[in-house]
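Me: I have a structure open and want to go through how its helices pack and where its pockets are. Can you take it a step at a time?

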Amino acid sequence: MPDNLSFTRDQEGATAVLDVQGRIDSATAGRFEQELDGVLAARPEGLVIDLAGLSYMSSAGLRVLLVTARRCQAEGCAMVLCGLGATIREVFDISGFSAIFDIAETRAEATARLNG
Amino acid sequence: MRSLRLQLFTGILAILLAAGVTVMLSSRAQMEQALIAAESRSAGNVLQMIELQVSNRYRDLLREKLRIVTERRAMLERMSSVTAAALLAHARLARHGIASEGQARALAMAYLRDLRPGGAVEAFAMSRQGHVLAHAAPDRIGRDIGALTDIKGRSLLAAVRDDIARDGHAHVVWDAPGAGERDGRRFAHFVDVPQLDLYLGVSDGIGDVERFVEAGVEATIGFLGEMLREVQVVDSGFVFLFDEDLAPITPPADWAAPLLGQRDAATGRPVMALFREAGARGDGAALRYTLQQGDTALEMEAHVSHFRPLGWYIVSTVPAVEIARPAHLLIARQVQIFALVLAVALLLAWAFAATLTGPLQRLTGYARALPERDFTAGVGAAGPLQRLARSRSEVGGLARAFRFMEDELRDKIAALIRTTREKERIESELSIARDIQNGLLPKIFPPFPDIPQIDLHAALHPARHVGGDLFDFYFLDDRRLLFTVGDVADKGVPSALFMAITKTLVKSASAQEDDPARMMARVNDDLSADNPRAMFVTLFIGLLDLHSGRVAYVNAGQNPPLLRPAAGAARFLRGLSGPPGGAMEGVRYRPLTLQLAPGDTLLVYTDGITEAMNPEQQEYGNDRLLRCCEAGRGADAAGLVNALLTDVRHHCRGAPPSDDLTLLCLTWHGAASGAATQAGAPAQTVAPVEGG
């Protein structure tokens with residue numbers, strides 16, 4: 001099955017940026033987790049996860065974000081999410097995760113927040 | 001039958017036939033020509049042989065004749081020399097005066113008269129005018145022999161005079177008058193005797209020489225007749241001779257003798273005349289003519305040779321069909337041999353095709369039998385292929401490939417059986433896990449038939465065998481009902497385990513705390529304490545006071561519950577208490593409350609309901625949930641739950657559920673016993689109170 005999840009890595013100074021496109025559900029969450037592991041292996045000072053290209057995220061994806069957030073916290077890396085569309089935003093709001101994660105509107109805002 | 005064997009066989013047959021027919025067609029014309037030429041040449045050879053025989057014999061005859069004639073001539077010359085000497089002796093008598101000239105002449109004549117050399121030899125004197133002066137036969141004296149004509153057509157006297165004038169002597173041949181050359185031909189030698197003024201002639205009859213030659217020719221004809229009877233050209237061909245007058249010298253074959261008088265159909269001329277013309281041309285070309293034998297026209301070929309010294313024509317002739325017959329025979333033989341060779345070759349080809357296709361048939365049989373083979377047996381069942389596989393041919397390669405395939409199949413099937421067993425084991429364990437999980441959930445509906453104040457129903461349909469959703473409800477005491485719905489992130493065994501833990505933690509927390517918010521905080525802390533995989537659970541915990549209809553609840557990340565008031569439109573309760581359990585340690589949850597009016601229904605559900613997808617990837621959605629709830633008025637809790645599940649299933653149209661589906665429906669019928677609805681204020685959300 002061609003799973004419709006893809007990533008684009010970017011680097012802005014010491015901040016790693018991961019652009020996520022597609023759907024994150026139980027089937028693709030594993031790959032999302034691997035990708036984030038790979039990004040964090042480079043020990044960035046900051047991590048921006050751009051979810052603008054995301055059409056759906058299940059609780060499995062939220063769990064991966066949660067794991068990543070914990071790891072970032074342990075490693076002293078600041079993690080900011082950005083580009084949440086209305087649907088994704090609703091998921092975050094309903095589940096109460098909006099309060100847990102550092103969420104910026106745009107990518108520029110996210111990087112500015114990290115570098116500022 | 002389009003078997004490979006037949007195809008091979010047909011192919012070989014076609015090749016052999018093509019080769020054979022090509023060779024025969026290409027060689028046939030040449031061979032026929034060569035054979036006909038050979039036959040024709042041999043007919044010509046017979047002719048040449050006969051001609052050679054004739055000319056040899058004739059030459060021998062002439063040589064013998066010449067020898068005899070030369071001998072006779074020498075004899076005549078000797079004799080005329082002696083006689084001339086005797087005549088000179090007589091003439092000398094007169095010169096020496098022993099006798100008068102007249103006496104001497106008379107003596108000489110007398111000498112000649114008395115001379116008798118014997119046989120046909122005669123000596124005589126001839127006057128200058130050609131008269132016989134002296135001869136042994138008295139009647140000849142005085143005859144004018146000078147007037148006779150020799151065989152060259154001159155007068156005898158002229159011939160003698162001219163030859164003596166030129167050569168000193170003369171040879172003359174003539175035929176005696178009144179007799180043929182056989183009896184009367186005479187050969188004479190003349191010398192001049194000027195002393196007596198006369199010619200001396202000595203002659204001899206040579207008819208016997210001619211007779212000798214004739215006898216020789218007769219003998220030759222006899223010999224040829226004998227020989228030609230034996231000579232046969234091809235089958236019924238023959239050789240015969242005829243003379244200038246078309247009279248046969250040796251007879252033609254008996255069958256042809258009566259036919260040779262015919263005229264040739266093509267030219268309309270007599271056959272014999274055609275022979276003579278062909279012989280006279282002497283170019284050796286074959287003559288074609290036709291004999292009419294009864295009703296059949298017989299095409300004939302002839303070679304004619306002309307033997308001029310004797311004026312003979314030698315004819316070698318044969319029916320044209322017979323010339324071609326050896327060629328036809330040879331071709332027929334060739335066809336027979338080819339047919340024989342073809343038959344043998346085809347037998348071999350059939351056998352060859354069998355040896356070639358036999359292994360293929362064995363392989364086919366092997367492949368057909370493959371599905372019935374027991375691949376779990378450890379022994380290589382490719383046994384029948386062992387012998388084939390040893391072959392270095394392509395078939396051997398195929399057999400090896402088959403054997404390899406079978407070995408691979410055996411390995412793969414063994415692996416498949418192992419994994420299937422493993423999978424079955426896991427499946428059965430998962431099935432047990434589901435049973436255990438199901439065992440964790442309340443199963444008896446309606447759960448509280450003795451308590452008329454509430455109507456409660458719940459259902460959980462896991463997406464996989466085991467799911468991460470949960471619901472529970474129980475009375476903390478005789479007036480407080482605790483009900484909870486949760487959804488663990490992700491699905492499968494880890495989620496199921498987490499769900500079981502959550503359920504236990506809720507139970508223990510509800511025993512220690514009175515307020516759902518505090519229960520939630522306790523559950524959250526316990527879940528977060530050691531949670532390396534950041535598992536979390538969205539959780540709704542509600543506590544209903546049966547007497548007042550007041551609900552204290554906490555919503556930790558759970559989808560907003562739906563309230564369907566007895567009076568008023570259904571709506572979602574958007575209040576949120578905090579993040580899901582397990583996500584973050586030390587969270588204080590905001591307590592929420594809700595006042596139910598009798599007949600109000602509260603529906604708590606997981607996101608599996610609203611996010612259920614149809615094949616077009618469209619979610620079931622909040623709106624349809626609202627509509628379905630409104631439509632379900634009148635039904636009891638169980639009816640609404642089932643109606644909702646059915647509606648969700650309709651929406652999905654067979655698409656496999658991607659998440660667990662969990663619903664809990666609770667209707668409060670008021671504090672009074674009995675199902676009678678109690679008029680009251682519409683349910684309203686009470687202003688949130690910060691949990692302590």
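**Helix packing and pockets**

Reply: H9(B) and H10(B) cross in a left-handed way. Keep in mind that this is a predicted model.

Me: Which residues make the contact there?

Reply: From H9(B) the residues are B:Leu430, B:Gln437 and B:Leu440, and from H10(B) they are B:Val493, B:Ala496, B:Met499, B:Ala500 and B:Lys503. By class that is six nonpolar, one polar and one charged.

Me: And how close do the axes of H9(B) and H10(B) come, and at what angle do they cross?

Reply: Helix H9 covers residues 394-440 of chain B and helix H10 covers residues 493-512 of chain B; their axes come within 11 Å and cross at roughly 25°. Angles under 35 degrees count as roughly parallel, so H9(B) is roughly parallel to H10(B).

Me: OK, what about H10(B) and H11(B), what's their angle?

Reply: H10(B) packs against helix H11, residues 516-529 of chain B, at an angle of about 140°, and the axes are 9 Å apart. That angle makes H10(B) oblique to H11(B). The crossing of H10(B) and H11(B) is right-handed.

Me: Which residues touch?

Reply: H10(B) uses B:Phe498, B:Ile501, B:Thr502, B:Leu505, B:Val506, B:Ala509, B:Ser510 and B:Gln512, while H11(B) uses B:Met519, B:Arg522, B:Val523, B:Asp526 and B:Leu527. The contact of H10(B) with H11(B) has eight nonpolar, three polar and two charged residues.

Me: Moving on to H1(B) and H5(B). Roughly parallel or roughly antiparallel?

Reply: Roughly antiparallel. The axes of helix H1 (residues 4-95) and helix H5 (residues 207-230), both of chain B, cross at roughly 165° and come within 10 Å. Angles over 145 degrees count as roughly antiparallel, which is why H1(B) and H5(B) get that label.

Me: Left-handed or right-handed, for H1(B) and H5(B)?

Reply: The crossing of H1(B) and H5(B) is right-handed.

Me: Who meets whom?

Reply: The list includes B:Met49, B:Ile50, B:Leu61 and B:Arg72 in H1(B), and B:Asp208, B:Phe212, B:Phe223 and B:Leu228 in H5(B). By class, the contact of H1(B) with H5(B) has 15 nonpolar, three polar and six charged residues.

Me: Now pockets. What volume does the largest pocket have?

Reply: About 800 Å³. It is lined by 37 residues, and the closest to its centre are B:Met613, B:Pro656, B:Pro657, B:Ser658 and B:Asp659.

Me: Which element gives the most to that lining?

Reply: H14(B) does, with four residues. In chain B, strand S12 (480-488), helix H12 (607-610) and helix H14 (637-652) each supply at least two residues of the lining of the largest pocket. The lining of the largest pocket has 16 nonpolar, eleven polar and ten charged residues.

Me: And the second largest pocket, what's its volume and what lies nearest its centre?

Reply: The second largest pocket has a volume of about 380 Å³. Of its 24 lining residues, A:Val91, A:Ile94, B:Asn559, B:Asp607 and B:Glu611 lie nearest the centre.

Me: Which elements give two or more residues to that lining?

Reply: In chain A they are strand S3 (46-57), helix H2 (59-75) and helix H3 (86-95), and in chain B they are H12 and helix H13 (621-631). H3(A) gives the most to the lining of the second largest pocket, with five residues.

Me: How does that lining divide by class?

Reply: The lining of the second largest pocket has six nonpolar, twelve polar and six charged residues.

Methods:
Residues numbered from 1 in each chain as written. Chains lettered and ligands numbered in written order. Predicted model: local features only at pLDDT ≥ 70, side-chain atom pairs only at ≥ 80, totals over all residues. Heavy atoms only, no water. 1 Å grid on protein atoms, 1.4 Å probe; cavity = no way out; pocket = protein on both sides within 12 Å on 5 of 7 lines; lining within 4 Å. Points joined across faces, edges and corners; volume = space filled by probe spheres on them. Nonpolar A, V, L, I, M, F, W, Y, C, P; charged D, E, K, R; others polar. Axes fitted to C-alpha atoms, helices over the stretch in contact; angles between N-to-C directions. Parallel < 35°, antiparallel > 145°, perpendicular 65-115°, else oblique. Left-handed = near helix turned anticlockwise from the far one by under 90°. Contact = heavy atoms within 4.5 Å.
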